Amino acid sequence: MVSEIILTFAHIHIFTNQKRNTMKQTEKTLVLLKPCTVKRNLIGEILSIFEKKGLRIVGLKMMQLTDEVLSEHYSHLSGKPFFQRVKDSMMVTPVVAVCLEGVSAVEVVRTITGPTNGRTSCVPGTIRGMYSMSYQENIVHASDSPENAAIELKRFFKDEEIFDFPRQLFEVFYADDEF
């Protein structure tokens, strides 16, 4: 009887370890709540959309962006005629930098936020579809790939500002083989 119990526990342990090896890992992504969000008092409302979806906030801070940081962040726009206007817009008030974590977090956040132009390309039910009438004043910035998320998170957060703590409620949002 004792050997059967040990064998049973050993079998469960081996099965559990094999199962964990096939599980999808969570990823982290950056979201910036833009000055238009801050001015419209939408910070809590926008954050709650991400939390209700099942993403968890593992980093959060309000910060005033500088021309230097924005020149780096938007360097891909440096040759565009609206480059300075974009940077000026992002310095009107502080922004809220958010690090979100979840399975396929980058893709999920991009889907929730919707297309860049909230006026003409809006998708009903997305953040920009519900709250934006502008191409520029479009509520949030969201990383567009896991690689860019890693770069952007380092730009806006120090390592010690992103927290790793026990996951609560993951089993409510995901099947047990998804995380």
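## Ile139 and its loop

Ile139 is buried, with a relative accessible area of 0% in this predicted model. The residue belongs to the loop that runs between α7 (127-131) and β4 (140-142). Its phi angle is near 80°, a positive value in a residue other than glycine.

A positive phi is also found at Leu169, where the angle is near 70° and the residue is again not glycine. Leu169 is located in the loop between α8 (146-156) and α9.

## Overall architecture

The protein contains nine helices and four strands. Read from the N terminus, the order of these elements is α-β-α-α-β-α-α-β-α-α-β-α-α. Contacts across long stretches of sequence are well represented: among contacts with a separation of 6 or more, 77% involve residues 24 or more positions apart.

Of the 179 residues, 41% count as buried. The accessible surface of the protein comes to about 10,500 Å², and carbon and sulfur atoms account for 57% of that area.

## Strand β3 and its partners

Strand β3 (95-103) is mostly covered, with nine of its nine residues buried. The strand pairs with β1 (residues 26-33) in an antiparallel arrangement through eight bridges. Within this pairing, Leu30 stands opposite Cys99 of β3.

Strand β3 also pairs with β2 (residues 56-63), again in the antiparallel sense, over seven bridges. Here Met63 is the residue that stands opposite Val95 of β3. In a regular strand, side chains alternate between the two faces of the sheet.

## Cysteines

How many disulfides does the model contain? The count comes to zero. The criterion requires a pair of cysteine sulfur atoms within 2.5 Å.

Two of the cysteines can be described by their exposure. Cys99 is buried, because its relative accessible area of 0% is under the 20% limit. Cys122 has a relative accessibility of 37% and therefore counts as partly exposed, a class that lies between the limits of 20% and 50%.

## The loop before β3

Thr93 is placed in the loop between α5 (83-89) and β3 (95-103). Is this residue buried or exposed? Thr93 is buried, because its relative accessible area of 14% falls under the 20% limit.

Which residues are in contact with Thr93, once its neighbours within four places in sequence are left aside? The contacts are Pro35, Val38, Lys39 and Gln64.

## A nonpolar patch at the surface

Leu169, Val172 and Phe173 together make a nonpolar surface patch of about 290 Å². The patch includes Leu169, whose positive phi was noted above and which is in the loop between α8 and α9. Val172, another member of the patch, is found in helix α9 (residues 170-173).

Val172 is exposed, because its relative accessible area of 58% is over the 50% limit. Ile139, by contrast, is buried at a relative accessible area of 0%.

Conventions
Residues numbered from 1 in each chain as written. Heavy atoms only, no water. Helix = DSSP H or I, 4+ residues; strand = E, 2+ residues; numbered from the N terminus. Buried < 20%, exposed > 50% of the residue type's maximum accessible area, 1.4 Å probe, protein only. Contact = heavy atoms within 4.5 Å. Patch = residues over 30% accessible without salt bridge, like charges linked within 9 Å, V, L, I, M, F, W, Y side chains within 5 Å. Areas by Shrake-Rupley, 256 points an atom, 1.4 Å probe, with all protein chains shown as cover. Salt bridge = Lys/Arg side-chain N within 4 Å of Asp/Glu carboxyl O. Pairing = 2+ DSSP bridges.
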